[in-house]
Amino acid sequence: MLSSLSAHLPVLQVVVLLIAAPLCALFGNRHLAWTIAFIAASAAFVISTLLLGSVLDGSVISYHLGGWAPPWGIEYRIDAANAFILFIVSLIGVLVLPYARQSIEREFEASTHSYFYTCYLLCLTGLLGVAATGDAFNVFVFLEISSLATYALVAFGAKRDKRALTAAYNYLIMGTIGATFFVIGIGFLYMVTGTLNMADLAVRLAEVGDTRVTRVAFVFILVGMGLKLAMFPLHLWLPNAYSYAPSAITAFLAATATKVALYVLLRFTFTVFQFDFPVQELTFEYVVMPLAVVAMFAASIAAVFQQDVKRLLAYSSVAQVGYMLLGVALLTEAGLTAGIIHLFNHAVTKGALFLAVGCFVYQVGSSRLGDLKGIGKTMPWTTAALTAGGLSLIGVPLTVGFISKWYLIQASLETGSLLIAGLIVASSLIAVIYVWRIVEVAYLEPAPEGREAKEAPLSMLLPTYALVVASLYFGINSELTSSAASQAANALYSATDFAAPPMLLSPADLRSEGASQ
Amino acid sequence: MWDEMTVEFFVSHYNYWMTVILMMIGLYVVVSRGNLVKKIVGLNLFQTSVFMLYISMAKILGGTAPILTDNPNEVYSNPLPHVLILTAIVVGVATTALGLALIIRIRESFDTIEEDEIFDIEQQMANTSHPHAETPNKC
């Protein structure tokens, strides 16, 4: 029983949440909905941990949906790269729930809470599905499931600030354009290869070679995903969406949504297209890398001038996406590893930061810097968490931020680019300024009269501290993340090495196995 | 004026031209119109152009509908893109519905669906120090 269940882990990862989501809406009771959501998210986390454990040795799990063999059937293909992403997403997904329970109580009406959990689970389903699937069109479908849920979740912030509605609307417009671009790209790939399975696409694209259609397909996919992951000039939806979404959702999105989109870009760039095409190399060298560097500076500078902590951190996210893309754009395995390490580290750090800001919103009702004067005295634990996260953003040693920057600088020095290494250090100095602005307001300014802000409730502080401790732990002991990230980078590079057949775990095989016994 | 090759090139690729034209009209509407509903219309046009791209690549000249018959030599169109686009249409419908629902909520809160007027209101909100305290909204 258990072994047959474990064979279905790749699909259970997605299906458990997908079934739990409508249950939340059906039962309508918010406490029950929370319990369902929490159990489902915990199950997803356990499953992703098991999956990560079984693929870290470099093996690949290929799951055939309904027993239909790829490339005709839909395949879920778990290797080190997407198992790592699944792990991050489900970890954040389960941590945010206990936090959300308290936090959303003050942010919108109790009657809508069960719908909130429905949307939340759908969003998580979509994100996990994008990471798990090995089928290009499935990526689009799951991407839209998560995006549609995200638009609704952002709009949930409307009770606190009605600008959440326009933020959600603009996100919808840009997100849909991005997803549609992505579909155009897949359409072109299908046109030249006749397949949608990513592994199969890789083999056939290598045969097709560098044609105009594949180039156009690559560019469409790059731009489409660029919109979803907030690549620098396409990031305009992000600051508003992050600022006005409910606190728990901001933390969840900042830690997962853009990361999953980045994963899709990596998967297509490295596994599907595989760098046989000069146009890719040129695009990354002359378009993505300069834009990443511009993002590191422009978004960081924009962050310095923000009056709202949530908005400040949102701009900082755009800058951090720049770091990840910079690592990837170096086009070496070391650079890719650095990008993936930063992907994980930033998810942990930004998650912690936005959760801490959510505690302020819970107690003070605002995240504006002007309203947070002297908050360090009345909410010492939250402020300490925010400071620790801020240090990690800067890249101070003993935090995860240092580890990512260390790897990034090493990777850029390896390619002989002293300039890039210098730019990484220089842009980190801007992070010092915006983190200092928060610290200064919180600790050094006098608190206004009559503000009663106690420490946030424990159920909100614990998830925050779980991520803060993680960001310190992985900053000291980077063994686990770096080996997982290098394994993931390796998997992205070598995912199309079909000499060794992948582990077959289709229901059909299981049936025949059972019959023979 | 045009030699035969060029004309033939244009005519034989006419499905792509239609796709490109529709796509550009759609994107232009999204970017240029200030009315939120019109933006959704543009978005729909844009998505529809992609549906047509997929459907036209499924078509095989002389092919019939992809239905099993007794004739083994039957040539039929590729059914897969049709199925994919069915999914994409559903996604498009869901997006449109969500967008329109958001517009209703925006209309309730801002009392307008014109982008520039909403922008002005948001600017005012940003300039007042406590926007949250002052704007009890209906939603």
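**Exercise 1.** Find the helix that holds M52(B), then describe the nonpolar surface patch that includes M52(B).

*Solution.* Step 1: M52(B) sits in helix α3 of chain B; helices (H or I, at least four residues) and strands (E, at least two) are DSSP runs, numbered from the N terminus. This is a predicted model, in which local features need pLDDT of at least 70, side-chain atom pairs count only at pLDDT 80 or more, and totals for chains, interfaces and linings use all residues. Side-chain values use heavy atoms, with hydrogens and water left out, residues are numbered from 1 along each chain as its sequence is written, and chains are lettered from A and ligands numbered from 1 in the order in which they are written.

Step 2: Together with M52(B), the patch contains V7(B), F9(B), F10(B), V11(B), Y14(B), W17(B), M18(B), I21(B) and I25(B). Its residues have over 30% relative accessible area and no salt bridge, and nonpolar side chains (Val, Leu, Ile, Met, Phe, Trp, Tyr) are joined within 5 Å.

Step 3: The accessible area of the patch is about 910 Å² (Shrake-Rupley method, 1.4 Å probe; only the protein chains shown count as cover). Two or more residues come from each of α1 (4–12) and α2 of chain B. The most, 5 residues, come from α2(B).

**Exercise 2.** State how many residues of each chain are in contact, and how much area is buried between chain B and chain A.

*Solution.* Step 1: Contact (heavy atoms within 4.5 Å) links 43 residues of chain B with 37 residues of chain A.

Step 2: About 3600 Å² is buried between the chains, and carbon and sulfur atoms give 75% of that area. Buried area is the accessible area (1.4 Å probe) that two parts lose on being put together, summed over both.

Step 3: Between chain B and chain A there are 0 salt bridges (a side-chain nitrogen of Lys or Arg within 4 Å of a carboxyl oxygen of Asp or Glu).

**Exercise 3.** Locate the cis peptide bond between P70(A) and P71(A).

*Solution.* The bond has an omega of about 5°. P71(A) belongs to the loop between β1 (61–64) and β2 (75–78) of chain A.

Key: Patch = residues over 30% accessible without salt bridge, like charges linked within 9 Å, V, L, I, M, F, W, Y side chains within 5 Å.
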